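Welcome! Take a moment to look over the protein below, and keep its sequence at hand as you read.

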Amino acid sequence: MNCSSALFRRLVAGAVALVALPGAPGLGLGVRDAAAASHDTQPVTESGGRGAPRLGRGAPSAGGLGGIDSPPINSVARGKYILGAAGGCGCHTEKDRPKHSGGRRYDGPFGTVYSTNITPDRQTGIGSWTGDQIIAAIRLGRRPNGERLLPVHPFPVFNGMAEEDLHALVAYLRSVPPVNRENQPKRITVPLFESVFLPAWLVAFAPRETPPPKAPTSGLARGEYLVRAVGHCGECHTPRTMTMATDNSRFLAGNPNGPEKSAVPNITPDPETGLGKWTEDEIAYYLGTGNRPDGDVAGGLMSEVIEGTTAGYKDMTREDLLAIARYLKSIPPIKHKIGKVSAVNPSGR
Ligand code: HEC
């Protein structure tokens with residue numbers, strides 16, 4: 001590939017910035033801190049900050065560290081569980097608007113896109129799509145008409161989800177109340193972005209997860225599956241390379257320039273700069289409640305994915321939260337110091 005072309009480099013910069021904020025409420029949305037978010041003067045006021053609630057202490061949700069022993073089997077309930085394990089698919093919910101009805105705005109050098117309505121409304125949502133079409137959009141980034149989704153929706157990562165979980169997720173999405181709300185057209189300002197640049201970037205740089213034949217049900221494999229695919233932790237916690245693809249050789253080592261230009265902590269087991277000093281129970285408890293071992297609470301985007309929408313990380317079983325914690329303890333420790341992050345010091349970088 002001819003990387004010396006200035007146009008190509010410009011395109012790379014565009015896409016890359018786009019993917020920098022993947023699944024995420026990134027792209028400058030001001031959700032660093034719940035309190036700060038409501039006063040945020042960032043350009044995306046309409047969707048800026050779903051008011052990511054700061055999670056209070058001592059209020060584990062019913063499902064959180066509570067009593068469920070295993071994820072539900074019934075497919076709608078299981079789909080809701082998967083949605084929770086994916087952080088509630090919160091990018092598709094805009095503050096003060098019906099859940100899952102889209103409209104949240106993401107800006108990047110490529111232009112502006114809005115998340116889409118994923119309720120089963122036949123006109124404006126995904127009600128007329130077949131299950132396979134919905135699954136193709138989730139993991140291949142293709143709409144039924146062939147149009148590409150921008151990887152602001154992290155389909156290369158969701159490609160690692162098991163078929164059965166995707167079907168359950170579809171069953172759940174079909175069960176939520178349909179909301180009639182038109183999608184907002186995207187505005188791409190970089191020429192040839194979707195036809196030329198994006199496909200090339202995806203092939204050359206975007207790491208793509210491989211789906212397992214069946215969703216692992218226990219042990220490290222379960223934790224790895226939840227972290228790498230469903231929970232898409234790396235979209236925020238893995239640093240990016242020059243091309244802005246996630247640098248999986250430093251998986252989960254923290255991203256100093258994460259979504260919203262705020263620092264996302266190193267969650268490898270490095271004792272100085274990562275989670276080395278947290279016990280597995282402390283990690284699981286944090287994911288289920290937002291409460292940190294030092295007495296502080298999760299803020300910013302992390303509180304959003306823990307809280308979720310109709311479900312969030314907090315609704316995972318204790319077993320699954322511990323599987324995640326164990327997996328995090330098993331990956332290579334990487335020394336990578338990330339500045340103090342928002343929970344303690346909202347302006348810290
Ligand atoms: C949408 C972006 C995003 C996603 C997805 C995400 N995180 Fe986070 N995470 C953050 C941010 C931002 C913080 C810092 C929170 C704060 O400031 O309080 C954080 C903090 C944490 C912490 C506390 C670390 C510390 O040193 O304070 C842990 C543990 C953690 N995340 C684990 C996970 C795991 C495990 C997943 C996937 C199951 C995940 N995160 C997914 C953005 C994200």
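In which loop does H232 lie? H232 lies in the loop between α8 (residues 219-230) and α9 (residues 234-237). Bear in mind as you explore that this is a predicted model.

**The whole chain**

- The protein chain contains 12 helices and 3 strands.
- Of its 349 residues, 52% are buried.
- Among contacts in the chain with a separation of 6 or more, 68% are between residues 24 or more positions apart.

**Two residues with a positive phi**

- Let's go back to H232, which is not a glycine and yet has a positive phi of about 40°.
- H232 counts as buried because 26 other C-beta atoms lie within 10 Å, and the cut-off for buried is 20 or more.
- L252 is not a glycine either, and its phi is positive too, at about 65°.
- You can find L252 in the loop between α9 and α10 (residues 280-289).
- L252 has 29 other C-beta atoms within 10 Å, so this residue is buried.

**Helix α4 and what covers it**

- Helix α4 spans residues 131-140, and its buried residues are I134, A137, I138 and R139.
- The cover over the buried residues of α4 includes two other helices, α5 (residues 155-158) and α6 (residues 163-175).
- Just after α4 comes G141, which has a positive phi near 70°.

**R143, a residue in the next loop**

- R143 sits in the loop between α4 and α5.
- Is R143 buried or exposed, or something in between? R143 counts as partly exposed, because it has 15 C-beta neighbours inside 10 Å, while a buried residue needs 20 or more and an exposed one has 12 or fewer.
- Leaving aside residues up to four places away in sequence, R143 touches A137 and L149.
- One of these partners, A137, is a buried residue of α4, so you can trace a contact from the loop that holds R143 back to that helix.
- How far apart are R143 and W129 in space, C-alpha to C-alpha? The distance is 9.3 Å, and the two residues are 14 residues apart in sequence.

Notes
Residues numbered from 1 in each chain as written. Predicted model: local features only at pLDDT ≥ 70, side-chain atom pairs only at ≥ 80, totals over all residues. Helix = DSSP H or I, 4+ residues; strand = E, 2+ residues; numbered from the N terminus. Contact = placed C-beta atoms within 7 Å.
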